[in-house]
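Dear colleague,

I am handing over the structure that follows, and below it you will find an account of what turned up when I went through it. Please keep it open beside the text while you read.

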Amino acid sequence: MPPQLADGLVAPATLTEQLFHELKEKVREFRPKDNLGTLDRAYAFAASHHAGQVRVSGEPYMTHPLQVAHILADMRMDLVSLETGLLHDVVEDCSVSADEVRKNFGNEVAHCVDGVTKIGKLDFFSAEERQAESFRKMLLAMVDDIRVIIVKLADRLHNMRTLSSLSSARQERIARETLDIYAPIAHRLGMGKVRGELEDLAFQYLDPESHAEISQTIEAQRGPNEKFLAAIKRTVEAELRREGIPARIDGRVKRAFSVYQKLKRQKITIDQVYDLMALRIVTDSVKNCYAALGVIHNEWRPIPGRIKDFIAIPRPNLYQSLHTSVVGPEGRHFEVQIRTDEMHRIAEEGIAAHWKYKEGKKGPAQDDQRIAWVRHLVEWQQDMPDSHEFMSTLKVDLYPDEVYTFTPKGRVIVLPKDATPIDFAYAIHSDVGATCTGAKVNGRIVPLRYTLKNGDSVEIVTTAGHQPSRDWLSLAKTVRARNKIKHVINLGERAKAIEIGQKYLDKEARRLGVHMSRITLGDMEKVTTEYGLAKLEDLYAALGFGKFSARQVLLKLAPTEVKDEPETAAPTDLTPAAQPSRDDPDAVIHVTGMDDLMVYRAKCCNPIRGDAIVGYVTRGKGVAVHGKLCPNVQNLLYDVERKIEVEWARDTKGSFPVHILVHTDDRPGLLAQLTSILDAEKTNIRNLEAKTEVDQDSDGALVEMTVDVRDKKHLEKLVSAMRRISGVRDVERLLS
């Protein structure tokens, strides 16, 4: 029995020693032939350097790396991963050099410790450029040795389990980073168990009210639900026994965060969640999986559209299972998941379930689908100098929603939700995509804007010599297709812009009396450098696109020769128009470093003060300013040269009209409560319309309104107050 302190706590030294003893026992179970001497040395090395350090909770610091190693041992990771778990903080927190780790534990451990240390220092919430660079570094570390991110996930999981000791500000920041970055990565690696716990822990700190409300509802129904599941389980066990199908059956209630996402996404109440309760049947073979599905459907009526076969067509992270939702006794819905033991292990542990570690190899096979997306992103990011584009691409890849389609020969093509035949064509081959002129889906000709659905059989019609058009960018959803289309468009647009820019500069020089023959190539290159451009062609292209005015360039080239005359229109018809008045909401936006370009807020997203914004030079209209989250931004910014820095002015006041949609219960008095909040905040209502939802089996209502807000903080305050009203299901800002 370990010695006890006066307050009943275990003595620190004994606590860490006991944890390490338990770790070794755990490792011996799945690695009985391995020499654990290096693990002893890693523990001794870490314990000596962390000696005297304590966590915010008051525990010895060494308990953290030991718990991280325990999580890795539960995943049955190799010794390099376990040693990295024990040593992952010594470089950052103990002034130990990477060379010292390498000298004591070898290149592989040192490499992994260095990778985990670097990921720990990345700032995922800084300015977009630095944020993008942080992601690039993390992707490179992952593709180099996937064990780096697995150790980091274990590190983050234990930190989330012990987050209560930190300040509320740090809790929120770490939880947000966990939900936005680490949980999606765990999902892409197929690590469902880690992902689920990370999401629920983060949800608890990011929205404690919603977490408490959903948890209380689930808990209040736990007794009846468990009784219901127990009865269902007995019925299923008896039926499977009768059919001679061996199986292990577990019941579960859906996770709090998963319920929250479904309520928010579908705008429904918790009693409308079909898969709140689920049975999981684990059997011995694929054949028996389908046999078990037949037993379930023979016993209860399946819900149409709720049967999914991920065994025949696995998800990209290699998840496999049969899913069906059925109407059980008393009309209650529940879900059934059916899989083999191997499938269950993969669903829970993902990439760690098939740890193909051999001497000289760094984890899984190079062709493992679960890290193929990382390799593709590392390749694609070389062609994405624009940080906003890179971040948007990454978010699409971190949060995939797949559609499974087929070639005429039966090959499965997995595409993102809302993908079109253009995406399908480029997934087949770049040449097929470029020469695509039409498509047949299930034998029927469809337009290229057609949204592909699960099970569609697609045949692409091609024409030799055809080239993609700019309109395709609004249709393509995959990174591959968009990049290929942009490449072709950019070549043509840039050549045209360079020609227009040269003509524009020559025409303006003649009008202003500037003798271009006196200006040397060196003078031109100097001005090019002043604008932060690499080549003279870049300057001409920027002029052709209207990003700079020719007058500004000539003032730099020949300031004494330029006559004081207004500027003429550019050949592109990109005319710097009169600035809006101070009362115009558009007057609160400036182009960074320039004052002679017209600026206007895009109607598609209607950005308000405080929104992150980006400018895009348009032909004949000046600079269109979009919110960075605007869905049209990616379609517009196919050419990085047209992007321009814009900022909110500090010395102007005014209000912005914002369109808000409130999803509520249909009950008396709720509208009065909403308007009283607007009145209390002295918010002008431009328009308001309330109606009962009639297009679905729902007891809800919609309140649509246009109100004037001062800035983003004012809007967030209104939305937060509305969400606190009992009966309000969700509040969303409509971009148009």
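**The three-stranded sheet**

In this predicted model, a good place to begin is Ala 439, which stands opposite Ile 460 in strand β11. Strand β9, which covers residues 436-441, is joined to β11 by five bridges, and the two strands run antiparallel. They belong to an open sheet of three strands in the order β10-β9-β11, with antiparallel pairing. Because β10 (444-446) and β11 (458-462) each have a single partner strand, they stand at the edges, and one side of each is left without a neighbour in the sheet. From one strand to the next, the twist of this sheet averages 35°. Helix α19, made of residues 421-428, lies across β9, β10 and β11, and runs at about 80° to β11.

It may help to recall that strands of a sheet pair through backbone hydrogen bonds, in either a parallel or an antiparallel way.

**The four-stranded sheet**

Further along the chain there is an open sheet of four strands, which has the order β19-β20-β18-β21 and antiparallel pairing. Here β19 (685-692) and β21 (728-734) stand at the edges, and since each has a single partner strand, one side of each is left without a neighbour in the sheet. Neighbouring strands of this sheet are turned against each other by 15° on average, if direction is ignored. Helix α26, residues 670-680, packs on the sheet and touches β18, β19, β20 and β21, while its direction makes about 160° with that of β19.

Within this sheet, strand β18 (residues 656-665) and strand β20 (residues 700-709) run antiparallel and are joined by ten bridges. One residue to look up here is Phe 656, whose bridge partner in β20 is Val 709. Phe 656 also forms an aromatic pair with Trp 648, and this pair is edge-to-face, with 5.9 Å from centre to centre and 85° between the planes. Is each of these two residues buried or exposed? Trp 648 has a relative accessible area of 17%, and it counts as buried because the cut-off for that word is under 20%. Phe 656 is buried as well, with a relative accessible area of 2%.

**Other aromatic residues**

How many aromatic pairs does a search of the whole structure find? The search finds nine aromatic pairs. Elsewhere, Phe 203, Phe 257 and Tyr 260 form one aromatic cluster.

**A hairpin**

Strands β7 and β8 form a hairpin with five residues between them, and in the turn Gly 410 has a positive phi of about 95°. The two strands, of which β8 covers residues 412-416, run antiparallel and are joined by five bridges. Phe 406 has Val 412 as its bridge partner in β8. Strand β7, residues 402-406, is mostly covered, given that four of its five residues are buried.

**Cysteines**

A search for disulfides across the whole structure finds zero. As a reminder, a disulfide is a covalent bond between the sulfur atoms of two cysteines. Cys 630 is in no disulfide, and the nearest cysteine sulfur, which is that of Cys 604, is 3.5 Å away; a disulfide is counted for sulfur atoms within 2.5 Å. Cys 630 counts as buried, at 6% relative accessibility. Cys 436 also counts as buried, in its case at 1% relative accessibility.

**A histidine in a helix**

His 70 is found in helix α3, which is made of residues 63-74. At 7% relative accessibility, His 70 counts as buried. Which residues does His 70 touch, not counting residues up to four places away in sequence? They are Leu 19, Glu 22, Leu 23 and Lys 26.

**The chain as a whole**

Finally, here are the totals for the chain. The secondary structure of the protein chain comes to 27 helices and 21 strands. Of its 736 residues, buried ones make up 50%. Among the contacts with a separation of 6 or more, residues 24 or more positions apart account for 67%. The accessible surface of the protein chain comes to about 35,400 Å², and 50% of that surface belongs to carbon and sulfur atoms.

With best wishes

How values were computed: Residues numbered from 1 in each chain as written. Predicted model: local features only at pLDDT ≥ 70, side-chain atom pairs only at ≥ 80, totals over all residues. Heavy atoms only, no water. Pairing = 2+ DSSP bridges. Axes fitted to C-alpha atoms, helices over the stretch in contact; angles between N-to-C directions. Contact = heavy atoms within 4.5 Å. Buried < 20%, exposed > 50% of the residue type's maximum accessible area, 1.4 Å probe, protein only. Areas by Shrake-Rupley, 256 points an atom, 1.4 Å probe, with all protein chains shown as cover. Phe/Tyr/Trp six-rings, centres within 6.5 Å; stacked < 30°, edge-to-face > 60°.
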